[in-house]
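Let's walk through this structure together, one part at a time. Keep the 3D view open as you read.

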Amino acid sequence: MHLVAAGKYHDIDFARLELLKLLAEVPEIRTSVATNYSDKEAIENCDLLITYTCDLVPSDDEVETLSNWLRGGGRWLALHGTNSILRFSEQGTVETPDEASEFMRLLGTQFAGHPPIAAFRVTITERDHPLTKGLRDFSVVDELYLTRTLGDFTTLMHTTFKGKCEEFGDAEWDESEVPVLYERTFGAGTILYLTLGHCRGHYDLQPLAGYYPHPERCAWNYPVFYELLRRAIRWGAGNA
């Protein structure tokens with residue numbers, strides 16, 4: 001397993017530790033850890049790549065490494081902000097520009113915005129899939145990630161959203177199916193993308209703010225989120 005955990009505006013240390021604790025539950029797993037995509041050898045030789053990032057984009061050469069690894073049968077669990085690019089406009093809105101297009105097309109989506117953190121309902125779309133079998137629809141307090149679709153995938157869990165994302169350039173939304181968990185085939189490989197899992201501590205908004213008064217754990221407070229992560233790890237290990 002190879003874990004890339006890094007980026008902006010999130011408690012990356014918390015997410016990294018929680019993921020490593022879950023990986024340690026499987027005795028045969030050995031995990032390498034990085035803060036970017038530069039370790040070509042680690043990626044080429046891993047069975048499962050896990051990414052928990054925000055506004056961290058690989059270089060063109062690193063995208064080629066990821067693409068070739070997937071074509072050869074790699075499995076990738078992409079979490080939360082892996083598909084995000086954030087730029088702040090002069091008007092104060094958050095823009096999500098069409099950059100790193102090859103990387104975003106590889107993932108199949110690009111983050112476009114989210115409403116304020118609140119409770120929303122998650123529906124199990126594919127009930128016979130190993131990642132979702134036996135799970136019930138559930139409610140969760142988290143960032144409801146809205147994305148632009150850039151490739152083919154199978155939605156395994158979804159929500160709906162109609163309203164405004166006031167902080168984002170893409171503000172108006174009316175979506176009857178917003179993917180929360182999807183599976184994307186690329187060559188002989190597969191990407192699982194799970195948008196849940198926001199977390200932020202007191203000091204994770206620097207340099208935008210020196211101190212953030214209200215730490216957030218969101219889906220990390222819910223057993224169903226940990227169950228999904230455990231299932232994804234088993235899937236990555238070939239045990240799903």
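Start with strand β3 (residues 48-54) and strand β4 (residues 75-79), which pair in the parallel sense over five bridges. Two strands count as paired if DSSP finds at least two bridges between them. One bridge to look for joins L48 to its partner in β4, R75. Strands of a sheet pair through backbone hydrogen bonds, either parallel or antiparallel. Helices (H or I, at least four residues) and strands (E, at least two) are DSSP runs, numbered from the N terminus.

A word on what you are looking at: this is a predicted model, in which local features need pLDDT of at least 70 and side-chain atom pairs count only at pLDDT 80 or more, while totals for chains, interfaces and linings use all residues. Residues are numbered from 1 along each chain as its sequence is written, and side-chain values use heavy atoms, leaving out hydrogens and water.

Now step back to the whole sheet. It is open, with nine strands in the order β2-β1-β3-β4-β13-β12-β11-β8-β9 and mixed pairing. At its edges are β2 (32-34) and β9 (138-142), each pairing on one side only. From one strand to the next, the twist averages 25 degrees. Helix α1 (residues 12-23) packs on this sheet, touching β1 (2-7), β2, β3 and β4; contact here means heavy atoms within 4.5 Å. The direction of α1 makes about 165 degrees with that of β1. Such angles run from 0 to 180 degrees between N-to-C directions, with axes fitted to C-alpha atoms, for helices over the stretch in contact.

Next, find helix α5 (residues 223-236). At 1.5 Å a residue, its 14 residues should span 20 Å, and its end C-alpha atoms are indeed 20 Å apart; the expected span is 1.5 Å times one less than the number of residues. Among the buried residues of α5 are F225, Y226 and W235, where buried means under 20% relative accessible area, exposed over 50%, and partly exposed in between (1.4 Å probe, protein chains only). What covers the buried residues of α5 includes α1, β3 and β4. Just after α5, G238 takes a positive phi of about 80 degrees.

How many disulfides does the structure hold? It holds zero, a disulfide being a pair of cysteine sulfur atoms within 2.5 Å. The sulfur of C54 cannot bond to the closest cysteine sulfur, in C199, because the two are 10 Å apart, too far for a bond.
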